[in-house]
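Biologist: Please take one part of this structure and walk me through it slowly, as you would for somebody in their first year. I would like to hear how that part fits in with what surrounds it.

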Amino acid sequence: MSVSVYYRAQRAVPPTPDETSTIERIVAAHVSSFPYRDEESLHLYETGGDTPAEILAGATKMPTDPDRMIPVLTCVLDTVSELRRAVPGAEWSVHLDDLDVPWDENDGYAFPGMHA
């Protein structure tokens with residue numbers, strides 16, 4: 001059975017050129033530091049999302065190997081946390097299949113105990 005993380009940001013105003021540059025830098029840093037080249041990584045949809053207000057949207061399929069799932073999940077959620085901080089004023093939705101991933105101002109997106 002496959003499990004995926006879904007993420008999206010909605011905002012009435014599209015990203016500014018500076019925000020777009022920051023998003024591109026965050027995504028590039030994520031890709032270059034991703035620990036498992038044979039696993040799916042952060043995947044932002046090219047069109048942004050299903051509606052004009054969705055300025056960022058994407059999904060990442062989690063590995064089936066339990067030893068890889070937590071490191072990949074942590075890496076993806078850390079990157080989504082950076083993206084959220086780079087795009088102020090957006091309404092974010094992040095979930096692991098049908099389970100909402102909690103947001104914490106200090107720790108970003110993580111499940112309790114993940115960063116412990």
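Modeller: Let's start with Glu-19 and the residues around it. Leaving aside residues up to four places away in sequence, Glu-19 touches Arg-11, Pro-14, Ala-86, Val-87 and Pro-88. Please keep in mind that this is a predicted model. Glu-19 has its place in helix 1, which covers residues 17-33. Is Glu-19 buried or exposed? Its relative accessible area is 11%, and the cut-off for buried is under 20%, so Glu-19 counts as buried.

One of those partners, Ala-86, takes us to helix 2, since that helix spans residues 66-86. Helix 2 is a good guide to the interior. The largest nonpolar core has 26 residues, and the members that touch the most others are Val-5, Val-80, Trp-92 and Val-94. Which elements give two or more residues to this core? They are strand 1 (4-10), helix 1, strand 2, helix 2 and strand 3 (91-96). Helix 2 provides the largest share, with eight residues. This fits a wider tendency: in soluble globular proteins, nonpolar side chains are inclined to be buried together.

Pick Val-5 from that core and look at its surroundings. Not counting residues up to four places away in sequence, Val-5 touches Gly-58, Ala-59, Thr-60, Met-62, Leu-73, Leu-77, Val-94, His-95 and Leu-96. Now place a few of these partners. Gly-58, Ala-59 and Thr-60 fall within strand 2, residues 54-61. Leu-73 and Leu-77 fall within helix 2, while Val-94, His-95 and Leu-96 fall within strand 3.

The strands themselves come next. Strand 1 and strand 2 run antiparallel and are joined by seven bridges. In one of these, Ser-4 has Lys-61 in strand 2 as its bridge partner. On to the other neighbour of strand 1: six bridges join it to strand 3, and this pair also runs antiparallel. Here Arg-8 has Ser-93 in strand 3 as its bridge partner.

Ala-57 gives a view from inside strand 2. With a relative accessible area of 4%, Ala-57 is buried. Setting aside residues up to four places away in sequence, its contacts are Tyr-7, Arg-8, His-43, Leu-44, Tyr-45, Gly-48 and Gly-49. For a sense of distance, Ala-57 and Thr-16 are 41 residues apart in sequence and 17 Å apart in space, C-alpha to C-alpha.

Arg-8 has now appeared twice, and its side chain has a further role in the picture. How many salt bridges does a search of the whole structure find? There are four. In one of them, the side chains of Arg-8 and Glu-54 meet, with 3.0 Å from N to O. Arg-8 is in strand 1 and Glu-54 is in strand 2, so this pair ties together parts that are 46 residues apart in sequence. The two ends of this salt bridge can be described separately: Arg-8 is partly exposed, at 31% relative accessible area, whereas Glu-54 is buried, at 9%.

Another salt bridge brings together the side chains of Asp-38 and Arg-68, at 2.8 Å from N to O. Asp-38 sits in the loop between helix 1 and strand 2 and Arg-68 in helix 2, so to speak a link between distant parts of the chain, 30 residues apart. Arg-68 also forms a salt bridge with Glu-39, where the closest N and O atoms are 3.2 Å apart. Glu-39 belongs to the loop between helix 1 and strand 2, 29 residues from Arg-68. Together, Asp-38, Glu-39 and Arg-68 are linked in a network of salt bridges. Asp-38 is exposed, with a relative accessible area of 57%. Arg-68 is partly exposed at 22%, and Glu-39 is partly exposed at 21%.

Two more details are worth finding on your screen. Returning to helix 2, Arg-84 lies over the face of Trp-103, at 4.0 Å from the ring centre. Then look at Asp-97, in the loop between strand 3 and strand 4 (99-100). Its phi is near 50 degrees, a positive value in a residue other than glycine. Asp-97 is partly exposed, with a relative accessible area of 29%.

Definitions and conventions: Residues are numbered from 1 along each chain as its sequence is written. This is a predicted model: local features need pLDDT of at least 70, side-chain atom pairs count only at pLDDT 80 or more; totals for chains, interfaces and linings use all residues. Side-chain values use heavy atoms; hydrogens and water are left out. Helices (H or I, at least four residues) and strands (E, at least two) are DSSP runs, numbered from the N terminus. Buried means under 20% relative accessible area, exposed over 50%, partly exposed in between (1.4 Å probe, protein chains only). Contact means heavy atoms within 4.5 Å. A nonpolar core is a set of buried Ala, Val, Leu, Ile, Met, Phe, Trp, Tyr and Cys residues joined through side-chain atoms within 4.5 Å. A charge sits over a ring if NZ of Lys or CZ of Arg is within 6 Å of the ring centre and within 35 degrees of the ring normal. Two strands pair if DSSP finds at least two bridges between them.
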